[in-house]
Amino acid sequence: MHQPTDSFIRVRGAREHNLRGVDVDIPRDALTVFTGVSGSGKSSLAFGTLYAEAQRRYFESVAPYARRLIHQIGAPKVDAVSGLPPAVSLEQRRSAPGSRSSVGTVTTLSNSLRMLFSRAGDYPPGAARLDSDAFSPNTAAGACPTCQGLGRIHRTSEELLVPDPDLSIRQGAIAAWPGAWQGKNLRDILDALGHDVDRPWRELPAAEREWILFTEEQPVVTVHPVREADRIQRPYQGTYMSAHRYVMRTFADSRSATLRARAEKFLTDAPCPTCAGRRLRPEALAVTFAGRSVAELAALPLTELDAVLAGAARASADEAARVLVADLRARIGPVTELGLGYLSLDRSAPSLSAGELQRLRLATQLRSGLFGVVYVLDEPSAGLHPADTEALLGVLDRLKAAGNTVCVVEHHLDVVRHADWLVDVGPLAGEHGGRVLHSGPPRELAGLVESATARYLYARPARAPRPSRTPTGTVRLTGVELNNLRGVDAEFPLGVFTAVTGVSGSGKSTLVGRALAGEVTERIGTAGFPVRRLVEVDQKPIGRTPRSNLATYTGLFDVVRRLFTQAPEARARGWKAGRFSFNVPGGRCETCTGEGFVSVELLFLPSTYAPCPACGGARYNAETLQVRYAGLDIAEVLSLTVESAVEFFADVPAAARSLRALDGVGLGYLRLGQPATELSGGEAQRIKLATELQRLRGDHTLYLLDEPTTGLHPADVEVLLRQLHGLVDGGHTVVVVEHDMDVVAGADWVVDLGPGGGAEGGRVVAAGRPADVARAADSRTAPYLARHLA
């Protein structure tokens, strides 16, 4: 029994995911970093065990009735955890924020500014005092009624929604409709409502065309879908939504940047004539503080806003104003400290880089002033330039100095060296990892042979110098005006490896992801342009439900199911590929509907998931599992790791090519049926890259990758770089936005943006070979690159 004064958090028998009964002691009131290759189990220990157990204990203190109202995570698989204080988690949020989200809403600074205007603003004579909600464009009380608080009027037209009126609705005349099943569903609903979906659009009556595209009605009708082979389809109740309503709702509310960008193609926009783009009602805009409206203050860079507030506080005799200004300035302080003073409160969150978002969340935590808690942080250096990382280390130290325990899952070697305590998990990934190799001061890791971290932390493996490649052409961008890019000219050589660098907010992602991608997309197929394909590889999830997995995303599952249909037992029964899918009725287990597990509801307690009693977690019914290929049933094949499957499917070219590509990017430890929800962002990105690698196309392809090393251990970075340089050696072009100086030093060409972020950035500071950029006088990247080259 440990005493309450025990200075360690002691974990015994942790078995989450791939952890093998791990025992580890972690000091309190210290900065502890968890390291290990991707998939080794470090996140399972930090988040899946420590944080999950702290949250479980907190929920146990909540009244039983209230527990039913809170989404609870299940109890971690661990024998015991002692000495564990309350915990706060700051995980990476990979989903894109909505279009109404802004710097002010992410940091809650907008709340303080609204309160300042409500309580201490200068109101016009005779005007009633407004509630703080009246100063928010995201509430009914504050939003401009004309633009609903968006600041711009978005309109569409029949010409935009239906670009080719010679097509019928069935042929896809309404281009604005969503794709796949959702679009087919809307077509079937129109058919059920009595509209002619096979007549060319231009021949439909004008009133009918107007209703289909612009009605605000949402009639519900019974749809009888056309029967398709291998698929049971029953009548269902379908709700119609006009093309205009779908486009407007998607653009305003979708959290998917891809869907919003698609919706934007069908819209024209202009500043709202009522609020002139200021998003608020006239009565809110009439209230001022320091001579400015809330919209004008929200548009100022935070450093300038802080100066305006300081001056107003000195000149004000109002005690409420002084108190509210002091609170607001105290909240702005941590944000500017982390180098984000160039941002304004009204800057939309979707336009921020991952590095900016991560630091905004950290600044908010720093201001919270919590004491005696465990902070569990997920790669806080992700997306940060080396110059920004130094500010991050100061913030971590301040969290610790405030009397907290800071636990960080991290790959950045500067952060690892800065730690008080190091927990190294490995030695490899998946079933080859899950052990704690070292728990102690970082310096004691040196010489531990089986630790991949030790090899890079103290004696980085020597790398043979790569001969510089000669470009085969150039893509020139001139006068780029996007976000903070102001008239930027840039050149991207073709046939080489290019790294785009710069501090967070300097405009890298805008230049590559929007300007370069847009230019290349427009020129593909034009005479004399050598690039034939553009491929953007990001870290967004490959699926959002457990039904999406490694095999389904890569197309490997289609190959596997075809192989099973050729088995004698399947042919004798006339089974098609659909029989071997766990997503449709037929071959799947109907007790768990192909999930492999069932939810056991326990009153007042978190739901517990147990293997399905009918299929034992196999996901298929007993009859389907009687069919075997090379001695294994379909469930056993999905349980194979990529590494094992390479050998198992060696004689099946279509499967072997896909598996070799996955193994080649370092994902040999993943199971073929591993749910998409269990994959990290780095794993998702490498799966996408492997999917591209297996296609074996000879056409010149331009690959764009935004921070591909985020979330990767240095050992995994080497594996990834081998593949990317292999693409260039094969005649393709690779452009990466990157902060890892190891990647930048190995590039053929570097484009450095800056010198700062926001208004202080947005221009090309230096461009050339890595050695040339390392000598650039105005570049904040140069000293770090020079140090690495040396």
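Student: How many Å does helix α1 reach from its first C-alpha to its last?
Tutor: This is a predicted model, where local features need pLDDT of at least 70, side-chain atom pairs count only at pLDDT 80 or more, and totals for chains, interfaces and linings use all residues. Residues are numbered from 1 along each chain as its sequence is written, and side-chain values use heavy atoms, with hydrogens and water left out. Helix α1 (a DSSP run of H or I, at least four residues, numbered from the N terminus) covers residues 42–60, 19 residues in total. The expected span, 1.5 Å times one less than the number of residues, is 27 Å, and α1 comes close to that with 26 Å.

Student: Where does α1 bend?
Tutor: The bend is the angle between axes fitted to the seven residues ending at a residue and the seven starting there. For α1 the angle is about 30 degrees, and the residue is A52.

Student: How many residues of α1 are buried?
Tutor: Buried means under 20% relative accessible area, with a 1.4 Å probe and protein chains only. α1 is mostly covered, and of its 19 residues the buried ones number 14.

Student: Why does L90 count as buried?
Tutor: L90 lies in strand β5, residues 87–90; a strand is a DSSP run of E, at least two residues. L90 counts as buried because its relative accessibility is 6%.

Student: What separation do the C-alpha atoms of L90 and Q365 have?
Tutor: L90 touches Q365 (heavy atoms within 4.5 Å). Along the chain the two are 275 residues apart. Their C-alpha atoms are separated by 8.7 Å.

Note on methods:
Buried means under 20% relative accessible area, exposed over 50%, partly exposed in between (1.4 Å probe, protein chains only). Lists of a residue's contacts leave out its neighbours within four places in sequence.
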